[in-house]
Each structure stands twice: as structure tokens, then as C-alpha cells.
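Got your viewer ready? Load the model and follow along, one selection at a time.

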Amino acid sequence: MSDYAAGLRRGGPGLALWGMAMLVAAEATLFGTFVGTYYYLRFESVHWPSPGTSEPRVVVPLIMVGILITSSIPMHLAARAVRRGRLWTTRLLLAWALAVQCGYLAWATHDYVQQLHHSAPQDNAYSSIYYVLLGADHAHVAIGVLLVVWLLWKLTRGLTMYRLNATQAIAFYWHAVNALTLIVLGVLLSVRL
Amino acid sequence: MTTAVYEERLERMWRSRPGFLGWAMTTDHKRIGLLYFWTTLVLFAAGGAEALIIRTQLAQPNQHVVGPATYDELFTLHGVTMIFFFIIPMTTGAFGNYLLPLMIGARDMAFPRMNALSYWVFLASGIFVYTSLFIGQAPNAGWFDYVPLASAKYDPGHAIDFYCLGIIFNGIASSLTAANFIVTILKLRAPGMSFNRMPLFCFAFLAASWGLLFALPSLTADAIFLFLDRNVGTHFFDVAKGGSTLLWQHLFWIFGHPEVYILIVPAFGIATEIIPAFTQRRVVAFPLVAVAELLVVFIGFGVWAHHMFATGMPTVTVIFFAAATGIVVIPSTIQVFAWCMTFITGRARFKTPLLFIAGFIFMFVAGGLTGIMFLAVPFDQQVTDTYFVIAHFHYIIFGAAVFPIFGGMYFWFPKVTGRLYFELPGQISFWIIFVGTNLLFFPMHIVGLEGMPRRNYTYSSGLGWGSYNLAETIGSYITTVGIVVLLVNLVVSYFRGPPAGADPWHGATLEWTISSPPPEYNFAVIPKVSSAYANWDYADREEDRRKLAEGIMVLEQGHEQPVSAPVDGWLAEIVEMPHDSPWPILLALAMSIVFVLLLLHLWTGVCFALAGIVLALLGWHGEEPQESEA
């Protein structure tokens with residue numbers, strides 16, 4: 001690297017974080033479209049949910065999403081620790097976040113399969129958008145878990161600027177996924193209002 | 001060290017691999033731009049051939065050059081090709097990729113490997129969609145693919161599945177490009193290039209990129225729903241089960257109308273570069289034009305339902321969207337007046353590129369005026385699905401989007417090839433295309449007003465439409481001749497044209513400060529920028545030469561690129577950029593397999609192919625810049 005470059009300190013977020021922000025913007029718009037579809041179909045329908053379809057449970061999903069959202073704390077702290085070069089702290093915080101995220105994903109997958117035993121996306125339009133919205137959200141959680149596993153594996157071999165950028169970008173992704181999960185849950189539970 | 005030594009070092013540092021592998025693994029924005037250019041040109045030829053068959057079929061009443069089923073496939077593929085596989089990739093993929101980094105004084109895009117991925121995904125999606133034609137399953141429900149016609153009940157087989165998956169696949173490529181452009185424009189501008197010093201071309205591409213990023217997800221969601229309805233049995237568009245057919249139209253046009261601006265705003269950008277070069281004058285009302293370019297896309301998100309005035313929406317909704325549509329006229333008109341005033345107050349040299357821009361302004365105003373006519377809702381309802389609509393949007397899409405593309409091909413030809421094109425054949429090609437397109441599209445207004453419906457494969461004699469249609473068909477062939485003259489001129493000029501030198505037009509922006517064709521590292525010294533017309537700031541260019549001689553801001557010890565603050569353009573850091581990589585093409589290949597397996601309903605195979613994507617991503621991120629130890 002040039003002497004000139006080495007003398008500079010970074011001002012503002014790096015390119016990786018900008019790239020992740022673009023991905024999140026596109027994904028958030030996709031979810032916005034799903035949510036818009038949910039309400040469009042709802043307001044076009046006389047019955048919502050359609051007759052014969054049970055309403056979603058409230059308490060357990062709320063508790064589980066509440067737990068998932070707490071993973072933003074270790075992710076945020078990991079992004080701070082990595083900036084200060086604290087490798088072990090970063091690893092521990094990421095492992096803490098990963099434990100929460102894996103726990104949520106395991107419950108969510110089990111719950112999704114259980115729900116499919118009672119109703120199916122093929123039943124009616126309500127079920128179609130319900131399962132697509134919930135499934136898309138779970139898929140994003142699963143991608144997040146894969147990202148954190150990859151990051152931890154990378155960090156076992158030391159810290160580089162590349163991995164620092166990745167940690168910050170993945171932390172940002174997780175905040176976005178947590179926010180999306182909360183919004184999706186709110187939308188799906190709005191039927192109970 | 002001398003200037004030559006610095007340049008030799010940079011040359012070695014940024015050189016791509018030679019041969020086929022070099023092109024397959026390239027991350028150089030100029031090479032990717034050229035790959036996009038040649039691919040979109042081939043697809044343009046395909047879309048053009050489809051249009052010619054359509055026009056030949058309609059030349060006379062009661063003709064049977066093709067049957068109704070083939071005709072359905074032709075107009076669907078023509079629309080899909082021209083919009084998704086020609087104009088968007090030609091403007092953003094080819095012009096944007098090649099020129100944006102040069103205009104902002106960068107050495108590459110912000111994410112060079114993602115840039116390569118977007119090209120390979122685009123190429124794969126083009127092959128995917130055109131495979132449908134060769135196996136007799138081409139999409140056949142029109143480019144906007146309305147349900148219930150496109151549902152499994154009325155359109156069984158794989159035709160619409162090709163459409164849904166092809167659109168999603170292509171959308172991934174466009175989204176990657178858009179994200180890359182936004183970050184490149186915001187973060188990779190040469191230090192000192194604050195927003196008010198950024199060329200208008202970049203504002204246009206920034207606007208188009210934001211538009212793509214936020215519009216495409218709506219189309220993607222729509223295509224996902226339709227694919228699921230057709231193949232999994234969901235009921236998004238099934239009214240009997242609580243779905244809605246109008247949902248398709250809303251989601252499609254939430255994408256579709258911003259899309260119109262996504263198509264023409266880059267053309268505005270091309271115009272705002274050609275006009276200053278050939279009038280030797282800064283564009284009048286620079287800040288207003290910059291804001292207008294952004295506004296036209298922003299407002300474009302609020303007008304989608306004007307495509308649906310005939311669907312029986314509530315009156316208040318119809319009036320709202322008619323009024324919103326009227327507002328788009330304001331930023332569009334600001335730009336037209338600014339261009340015209342720049343012409344009037346400058347010394348216009350009507351070389352071929354400027355002729356195409358003058359033609360573009362004429363066609364844009366003509367198409368814009370018929371667009372305003374649609375605000376009168378009863379009129380819109382009367383002419384919906386007639387040739388009047390076809391006439392309107394072809395004036396916009398061919399006249400306002402493709403004319404500047406042709407002008408841009410001539411304008412930047414010397415920069416890309418190092419040779420000048422031949423002027424006389426260039427001007428002849430313009431006049432042939434101008435006469436041909438007006439003969440092709442103008443009579444469509446008349447037959448449209450007389451009630452000729454679009455998408456019917458033939459019409460009866462005795463309706464009085466025969467002579468108009470014959471004129472349109474003759475116009476289509478004349479246009480084709482003009483395009484052939486244009487391409488032959490450029491090909492001959494490539495081999496026989498006189499040397500162009502670095503700056504044959506005395507252009508305004510940074511790409512004219514470097515040799516033609518540009519070196520692989522673009523700029524030997526990161527340029528100083530004091531205005532949006534950097535090539536006319538002679539003191540800055542002199543300072544660049546001095547800095548190069550002294551080795552200041554040359555960054556020749558790595559694959560280095562300065563990163564700036566997004567608004568002010570102050571130098572923030574210097575980063576290592578990735579080198580050539582095999583992973584983009586491998587990742588695109590894995591993604592292609594996923595889409596093929598989805599089409600074939602091989603769900604287990606899809607899971608394995610997804611694992612292939614993960615492996616390709618692992619390989620991708622296994623390569624880290626060596627100099628980046630923190």
C-alpha cells in the first residue's frame with residue numbers, strides 16, 4: 001500500500017457497509033411489496049382470514065421475536081469491538097448472537113412446519129401471503145446465520161481490514177433482519193386486532 | 001521517477017489477463033461495459049427482427065406471414081427484449097459501466113467483482129429467456145403479462161414460467177448494477193468532486209440506479225407470486241380464493257412506470273454530455289437540470305395507476321393519478337428548455353451525435369405531448385389498448401431513449417476505439433433513422449384514434465387501415481436500413497477511421513483528459529476537480545501533469561482507489577480493489593442452474609444448486625486483498 005494511503009484514517013462507513021445498505025434497501029422494498037400485497041388482499045376480501053383458516057398465535061411468536069431482537073445487542077457490540085481490534089471480544093459477542101439466532105431459527109422452522117400441518121399456502125389467498133411473508137423472513141434469518149458462521153470461521157484466522165468490514169456489514173444486515181422480523185410479525189398479528 | 005515509469009508501473013498493476021480467460025475473469029469496468037455492449041447489440045438485433053416480422057405481418061390486411069400464436073410470442077418477446085435486454089443493459093450496463101468511472105475520475109467501480117457478476121447474470125438470463133423460443137415455449141401474454149391470461153388455467157406449459165423466472169433472473173443483474181452505480185457515484189468520485197461538481201451524466205445515472213433499486217423488487221414479488229400460483233398452487237391472483245387479478249397490475253406498474261423513466265433518464269444524461277461538447281457551452285441551469293433528473297424518477301414512483309384507468313378504479317383514485325402524472329411534466333420540461341437554451345446560446349456544431357440529440361428532443365416532445373393527452377381520463381379510456389398508445393410509447397422509448405444511445409455510440413466511439421467515425425455516413429444514418437421512425441410510428445396515432453387494437457395479429461380490409469399500416473411497415477424497413485448504415489459505419493471506422501487523439505470534440509468531462517482508448521488504470525494521477533466541466537479547467541489539468549511528474553496521488557504501489565465522502569467529495573480513505581476473479585462467472589453459472597431446475601420443478605436439485613451458490617460465495621470471499629492487514 002502507498003505511504004500516502006497508509007497515512008489516512010477512514011472517515012465514515014466503508015464500501016462494504018454501503019454495499020450492504022444497498023442490499024438491505026432492495027430487500028426492504030421487496031418486503032414492503034409483500035406487506036402491501038397482504039393489506040391489498042385484506043382490504044379486497046370480505047373475510048380475513050378466509051373462512052376455515054385459523055388466526056395466528058400471538059404470545060409465543062412475540063416472545064421468540066423479542067428474544068431474536070436481543071441479538072442486535074451483541075452484534076452491535078461486536079461491530080464496535082472489531083473496530084478497536086479486540087478479536088476475542090468480537091468472537092465471543094458473535095458467538096453469543098449466533099446462539100440466539102440459531103435458537104430462534106430452530107424454533108421458527110419447527111413452528112413453520114407445524115403450522116403447515118394445519119393449513120397450507122394452497123388453501124386460500126390469506127394462507128398464500130401468510131406463508132410467503134413468514135417464509136421469506138425465516139429465509140433471511142437463515143442467511144444471517146450462515147453469514148455469522150462464515151464470519152466466525154474467518155475470524156479464527158485473525159483480523160484483516162476485509163474481515164473488519166465484513167463484521168460491520170453483517171452486523172448491519174442483522175439489525176435490518178431483526179427490524180424486518182418485527183414488522184412481519186406485526187403485520188401477521190394485525191389480523192387479531 | 002519519471003512519468004513514464006509511473007505509467008509503466010500502473011500498467012503492470014492493472015493489466016488484465018490476456019485471451020479468453022482474461023475476458024471471462026475480468027473485473028475491469030471498461031471490458032465489462034464492452035461485453036454488455038456486444039451482448040445487448042445481439043439482443044437488439046433479435047428484438048428488431050421480431051419487430052420486423054410483426055410489421056411484415058401487419059403490412060396488409062388479412063395476411064398470414066405468421067399465425068396468431070406465433071404473433072403473440074413475437075410481440076411479447078419484442079417488448080421483453082427491448083426493455084429488459086436492450087435499453088436497460090445498453091444504457092446502464094454498457095454506457096454506464098464504461099463511462100461512469102471515467103467521468104468521476106475513478107479507476108474502477110466500487111464493487112468490481114459484483115460488476116462482473118451482474119454481466120454474467122444478465123447474459124445467462126438472456127440465454128434463459130431466448131431458450132424458450134427455440135423449444136417452442138416462448139412467453140406469449142404480452143410484456144406486462146396480465147393475469148388471468150397468464151395463469152396456468154389459460155396459459156399452460158412453461159411459456160409464462162420462462163417469463164417469471166427470466167424476469168427475476170434479469171432483475172438480479174439490474175439490481176446489482178444499480179447498487180454498484182449508487183455506491184460508485186457516492187463514494188468513488190475523485191477527491192474534490194462535490195455534488196455540484198459532478199457531471200449531469202452522473203446525476204442521470206444516479207437517478208436511474210435509485211429507480212432500479214426501488215422499482216425492481218415490486219416486479220420480482222409479482223413474478224414470484226405468479227410463479228407460485230402457477231406451480232405451487234397458491235392463490236394470489238385467483239379471485240375465487242380471495243386473490244385479486246388487479247394485484248398483478250398494481251405491482252407490475254409500480255415497477256413499470258418508474259421503469260419508463262429508468263429507460264429515458266440515462267438518455268437525458270447522454271444528451272447533457274453531447275450538447276455541451278458540440279455547443280462549447282456549459283448546460284444552462286445546471287442545478288435545475290440535476291434536480292430535475294432526480295425528480296423525474298422520484299415522481300415517477302407516484303403515477304403507476306395511470307396505466308390502469310380502464311380497469312374500473314374509483315374516480316378519486318383515477319383523478320389523483322392523473323394529477324400526479326401531470327406533475328412529471330414539470331421536471332421533464334425544465335430539461336427540454338435547458339437543452340434548447342444551451343443550443344441557442346452556444347455555437348452548435350451539428351455533427352452526427354448532436355443531430356441524434358436534436359432528433360431525440362423532437363421525438364421526446366412529440367411523445368410527451370401525446371403523453372399529456374392521456375391525463376384526460378375519458379380520452380385515455382377511449383384509446384386504451386389501441387395503436388395510439390403504441391405510437392406514444394415508441395416515440396418515447398425509441399425516440400427519447402434509443403436516439404441518444406445512437407448519438408452516444410458516435411460520440412464516445414473515438415474514446416473507446418481511438419479512431420474517428422466517418423461523418424457523412426454518420427449524418428446519412430441519422431436522417432434515414434429519423435425519417436424511418438417517424439414514418440413507422442406517426443401513422444400509428446391515426447390508426448389508433450380510428451380504433452385499431454394492439455396485439456391483434458391481423459385486421460380486416462375495408463377498415464381504412466391498410467395504407468397506414470403499409471407506410472408503418474415501410475418505415476420499419478427504412479429504420480432498419482439506417483441502423484445497418486450506422487453499424488457498418490462504426491465497424492468500417494474501427495478498422496479504417498483516422499486516429500482520434502485524446503479529445504476530438506473538446507469534450508467537457510474527465511474521460512477526454514486521458515488517451516483513447518483509455519489505459520487500464522484510467523487515470524495515471526487521481527485528477528483534481530474544480531467544476532463539472534473538468535476538461536475545460538486547464539489549470540487543474542496542468543496541475544495533474546505536475547503531480548504525476550512528482551508522484552503525488554499516483555497510487556502505483558497497489559490496486560488502489562481513493563474513496564471520498566459522499567456529498568463533499570473529500571478524500572476519506574484509499575482502498576485496495578480486487579483483481580480479476582473466476583468467481584463471478586462461476587456464481588452466475590450456479591445461479592443459472594437454480595433457475596433451470598426451478599423451471600423443471602426439480603426441487604431437490606434446487607437445494608443442491610443453492611449449495612453450489614454458497615460454495616461459489618465461499619470461494620469469492622476466500623480471496624482477500626493482500627495489503628489489507630489491519
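How many helices and strands are there in chain B? Select chain B and color by secondary structure: you'll get 18 helices and two strands. Keep in mind that this is a predicted model.

Stay with the whole of chain B for a moment. Its C-alpha atoms fill a box of roughly 80 × 60 × 50 Å along the principal axes. The radius of gyration is 25 Å, which agrees with the value near 25 Å that a compact globule of 630 residues would have. Buried residues account for 56% of the chain. Now look at contacts in chain B between residues at least 6 apart in sequence: 81% of them join residues at least 24 apart.

Next, pick residues 560–564 of chain B, which is strand β1, where five of five residues are buried. Show the side chains. Glu560(B), Pro562(B) and Ser564(B) point one way, while Gln561(B) and Val563(B) point the other. In a regular strand, side chains alternate between the two faces of the sheet.

Add residues 571–576 of chain B: that's β2, running antiparallel to β1(B) and joined to it by five bridges. Click Pro562(B) and you'll find its bridge partner, Ile574(B), in β2(B). The two strands make a hairpin with six residues between them, and in the turn Gly569(B) has a positive phi of about 75°.

Last stop: bring in chain A. Here 37 residues of chain A are in contact with 42 of chain B. On the chain A side, α1 (3–6), α2 (15–44), α6 (125–155) and α7 (161–189) each supply at least two residues. Select α2(A) for the largest share, 15 residues. Color this side of chain A by class and you get 21 nonpolar, 14 polar and two charged residues.

Definitions and conventions. Residues numbered from 1 in each chain as written. Chains lettered and ligands numbered in written order. Predicted model: local features only at pLDDT ≥ 70, side-chain atom pairs only at ≥ 80, totals over all residues. Contact = placed C-beta atoms within 7 Å. Helix = DSSP H or I, 4+ residues; strand = E, 2+ residues; numbered from the N terminus. Nonpolar A, V, L, I, M, F, W, Y, C, P; charged D, E, K, R; others polar. Rg over C-alpha atoms; globule rule 2.2 N^0.38 Å. Buried ≥ 20, exposed ≤ 12 C-beta atoms within 10 Å, placed from the backbone. Pairing = 2+ DSSP bridges.
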